[in-house]
Amino acid sequence: MKHTDEKQQQHPSLYLEMCVQGEEPRLPLHTSIALFLLSYCECKSFKVFLVSTKPASSQSPKSRLPESLDVSETQVEALPQLVKGCRLPAVLDESRRLCRAGLAVVLRHIINKTLEADPSRSDVLALLGFKKTCLKACAEVSKWTRLCEIGIPSAVEEHLQNPTNQYQQLPLSILTLEQRLAEPVKVHNDDKIRRKKLQEQKQNEKDESPEAQGDVDAESKPGPQVRDGLELRAALAKLSVDSVPALTTRENSEIRKVKTTDLPPLEHVFAEGLYFTLTDVVLLPCIYQYLFSLQAHAASTLHRLPHLLRWYSHVQEVPGVLRAAKACGMALSIPQVPSSRLPGTSAEDNPTSLLEQEEDQEMTTQLPFVGGPRPTMTKLKENGIEAVFDPHPCPAWTLPWDSLPGAINPTEGKMSNIRAVRKRQQLNNLVAMVTELARPGYTIVDFCSGTGHVGIVLAHTLPDCQVILIENKEESLVRAQCRSAEIGLKNIGFIQANLDYFTGPFHIGVALHACGVATDMVMEHCLKSGAAFVISPCCYGFIQNAVKFTFPKSKRFQETLTYKEHMILCRFADQTAVQLPPERRLIGKKCMGLVDLDRSWAAETHGYSVRVMTMEPESCSPKNNMLVGRPPQKSGLEVSAGQLEAPVCN
C-alpha cells in the first residue's frame with residue numbers, strides 16, 4: 001500500500017469509468033478512447049483507476065487494457081472529492097487540488113504529459129493539429145467538438161445498448177460525419193499540394209489516352225498501377241513514413257499559371273482534413289465498435305458510408321495505430337461491402353440540409369420587423385415591459401485592499417493601473433453580494449473563473465467556505481493555482497472542464513463577465529442545483545439559441561418578441577463603450593436591462609427571487625449589470641429566511 005501511495009504522489013491519477021452488466025465488466029467508449037490514446041502515445045505518466053458503481057467482480061477487462069499501464073479498480077465512493085463532483089474521464093494532478101474533467105480536456109492533457117516526458121514525439125504533437133487547437137473549443141460553442149466528443153460516442157453507445165431496428169436507420173451523427181468526410185478540405189498553405197494534384201490529373205489523362213494505351217500494348221507492358229491518392233501520400237509523408245516517397249517533380253509553367261480558384265479541391269483523408277489528429281483518435285474506437293456491431297448487416301448498411309469506410313482504412317495506415325489498437329483489444333479490419341453504386345442521397349440522409357430547412361422555416365415563419373432597437377423597445381413598452389434596475393444594497397462597500405496579500409490584488413498583476421482599479425471595483429460588487437448570501441460550510445463555485453480574480457479573493461475572505469474555480473482554459477487555471485499556492489489557501493479547488501462536466505453540489509454560483517450564453521449556462525447550472533447566483537453578464541452580442549435553451553427565455557418576452565427581435569436587443573446591448581455618444585450608451589444600457597430582465601423572469605418561474613442591479617460605480621465596466629438570485633426556501637434549512645435576507649455589507 002505504501003508503494004501505491006508513493007506512486008500516486010509521483011504521478012497524476014486518471015479516473016476512467018467502468019460499467020458492470022451482470023457480472024461482465026464493460027468499458028464505455030470514453031474510457032476506450034482514453035486507453036487507446038495512452039497506448040498510441042506510449043504514455044506512462046498516469047496512475048489509471050477504473051471506477052465502477054458496483055463492487056469489483058472477479059473478472060477484469062484485461063484484454064482491453066494495455067499491459068504497459070498501471071491500472072487499478074476503485075469505487076465511486078472512494079473517489080477524491082473534486083473528482084466525485086465531475087463526470088469521468090477525469091485527471092487529478094499531484095497536488096490533489098486541480099482536476100481536469102471531460103473527454104477533450106483529458107485527452108489534450110494526456111498529449112501534453114507525453115510531450116513533457118519526451119519532447120521529441122513530433123507525431124504526438126501533430127495530434128493537436130494546426131495551431132494546437134484540435135478539440136480545444138468547448139462542446140457548448142463548437143458544433144464539431146460536440147459531434148466528436150458527445151454526439152458520435154453517445155449515438156454509438158445507444159446503438160450498442162439497443163441495436164434493434166437500428167441497422168436500416170443510421171444514426172444522425174454518423175450520417176453527419178459521412179457528409180463531412182465527403183466535403184473538400186482546406187488546409188494551411190495548400191496551393192502547392194493542389195497544384196501537384198492538378199499535375200497528376202493531367203499526367204493520368206495523358207497515360208489513359210488512346211495513343212498512350214497503344215504504346216503500352218505495342219510494348220506489352222502491364223497496365224497502369226493503381227496508386228494511392230496524393231492527399232493520402234502527403235498526409236503519411238508528414239508522419240515520416242519511409243515507404244511513401246514525397247513527390248519532387250517540378251510542375252511545368254502551364255500548371256504554375258493556373259489560378260488558385262481553378263485548382264482541384266483536396267479530398268478528406270482524415271477527419272479534420274489531410275492530417276491525423278486527436279479527432280481521429282476519438283472517432284476510431286467509436287467507429288470500430290459501430291462497424292463491428294454491423295458485421296451481419298454490412299450489405300444493407302455500409303454501402304451508404306463509403307467515405308467513412310475510406311477514412312477507416314486510411315487511419316489504419318498511420319504508424320502506431322494498429323499496435324495501439326491491438327493493445328486495447330481492437331482487431332481492426334476493413335468490412336467487406338458488396339460493390340455497388342452509391343444510391344442518390346435524400347434529405348433524410350443529408351443532415352445538413354435538414355438543419356438548413358429547419359432554420360429557413362424558422363426564419364420564414366417569423367413576422368417582419370423594422371431594424372434598430374427603438375421599435376423593439378417601443379413594442380415591449382406597449383406591453384408593459386421596461387428595463388428596471390433594483391437599488392444596490394451596499395454601493396460603498398469595499399474589500400480592505402491595502403491589507404490583502406499581493407497575489408489577490410489585481411494591481412500586483414500585469415494589467416494597467418486603470419484596469420486594475422476597475423477590476424477591484426468589480427470584485428467589490430461581487431464579493432459583497434456573495435458575502436451577503438454565504439454561510440459557514442457553503443460551497444461556492446466561480447464559473448468561467450479565468451485566472452481566479454473572483455474565486456481567490458472569495459476563498460481568502462470566506463475561510464469557512466469551500467471555493468471551487470471552474471475554467472476551460474488550462475493556462476488561466478494553472479495561473480490561478482499558482483496565485484492560490486502563493487497565498488497558502490487551503491479551502492480552494494480547481495477544475496478544468498466545460499460547465500456540463502461539473503456535477504457536484506454547491507450553494508452559490510458566481511461568474512464575472514460570463515460571455516454570451518455562458519451567463520445562461522451558469523444560471524441553468526445554479527437552477528438545477530438549487531443554488532444562489534451572482535452573475536455579471538458580458539458580450540450580449542454573442543447570445544444565440546443553444547442546445548439547452550432558446551431566446552427569449554421568459555413567457556412574457558416570448559409572447560411579445562420574436563427570436564430575431566430579441567437578437568436586436570442583444571446586439572445593441574453591447575453598445576455601451578465609453579467612446580460612444582451618451583445617448584447611444586443609454587440605449588445600450590436599456591437593452592442590457594431588458595435582456596437581463598428576460599433572464600430574471602425565466603429564473604423566477606423556478607421559484608427564485610432575482611434582482612437586476614448596476615455595479616457601483618457604473619464606470620467600473622461598460623458591462624456593469626449584475627444578476628443576484630436567491631433559490632426558493634426549503635423546509636428544514638439551518639438558517640431562517642430572516643437570516644438569509646440580512647445584508648452584511650451595510
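## The sheet

In this predicted model, 12 strands form an open sheet with mixed pairing, in the order β5-β4-β1-β6-β7-β10-β9-β8-β11-β12-β14-β13. The edges are taken by β5 (70-75) and β13 (609-614). Each of these two has a single partner strand, so one side of each is left without a neighbour in the sheet. On average, neighbouring strands of the sheet are turned by 20° against each other, direction ignored.

Within the sheet, β9 and β10 run parallel and are joined by 5 bridges. V467 stands opposite I492, a residue of β10.

## Helices on the sheet

Helix α4 (residues 103-117) packs on the sheet, where it touches β1, β6 (90-92), β7 (98-101) and β10. The direction of α4 makes about 115° with that of β7.

Helix α2 (residues 29-41) lies across two strands, β1 (13-17) and β4 (47-52). Relative to β1, α2 runs at about 140°.

## Helix α19

Helix α19 spans residues 453-461, and 7 of its 9 residues are buried, so the helix is largely enclosed by the rest of the structure. The buried residues are H453, V454, G455, I456, V457, L458 and A459.

Both helices and strands contribute to the cover over these buried residues. The covering elements include the helices α18 (417-437) and α20 (474-487). They also include the strands β8 (443-447), β9 (466-471), β10 (492-496) and β11 (508-515).

## T145 in helix α6

T145 is found in helix α6, which covers residues 143-161. With a relative accessible area of 2%, T145 counts as buried, because the cut-off for buried is under 20%.

A polar atom of the T145 side chain lies 2.9 Å from the backbone oxygen of A137. Leaving aside neighbours within four places in sequence, T145 is in contact with L135, A137, C138, A139 and I150. A137 thus appears both in this contact list and as the residue whose backbone oxygen lies 2.9 Å from the T145 side chain.

## Cysteines

The structure holds 0 disulfides. C591 is in no disulfide, and the nearest cysteine sulfur, that of C570, is 8.9 Å away. A disulfide requires two cysteine sulfur atoms within 2.5 Å, so a pair at 8.9 Å does not count as one. C591 is buried, with a relative accessible area of 0%.

Conventions
Residues are numbered from 1 along each chain as its sequence is written. This is a predicted model: local features need pLDDT of at least 70, side-chain atom pairs count only at pLDDT 80 or more; totals for chains, interfaces and linings use all residues. Side-chain values use heavy atoms; hydrogens and water are left out. Buried means under 20% relative accessible area, exposed over 50%, partly exposed in between (1.4 Å probe, protein chains only). Helices (H or I, at least four residues) and strands (E, at least two) are DSSP runs, numbered from the N terminus. Contact means heavy atoms within 4.5 Å. Two strands pair if DSSP finds at least two bridges between them. Axes are lines fitted to C-alpha atoms, for helices over the stretch in contact, and angles run from 0 to 180 degrees between N-to-C directions. A polar contact is a pair of N or O atoms within 3.5 Å; within protein, one must be able to donate a hydrogen and the other to accept it, and residues adjacent in sequence count only if both atoms are side-chain atoms.
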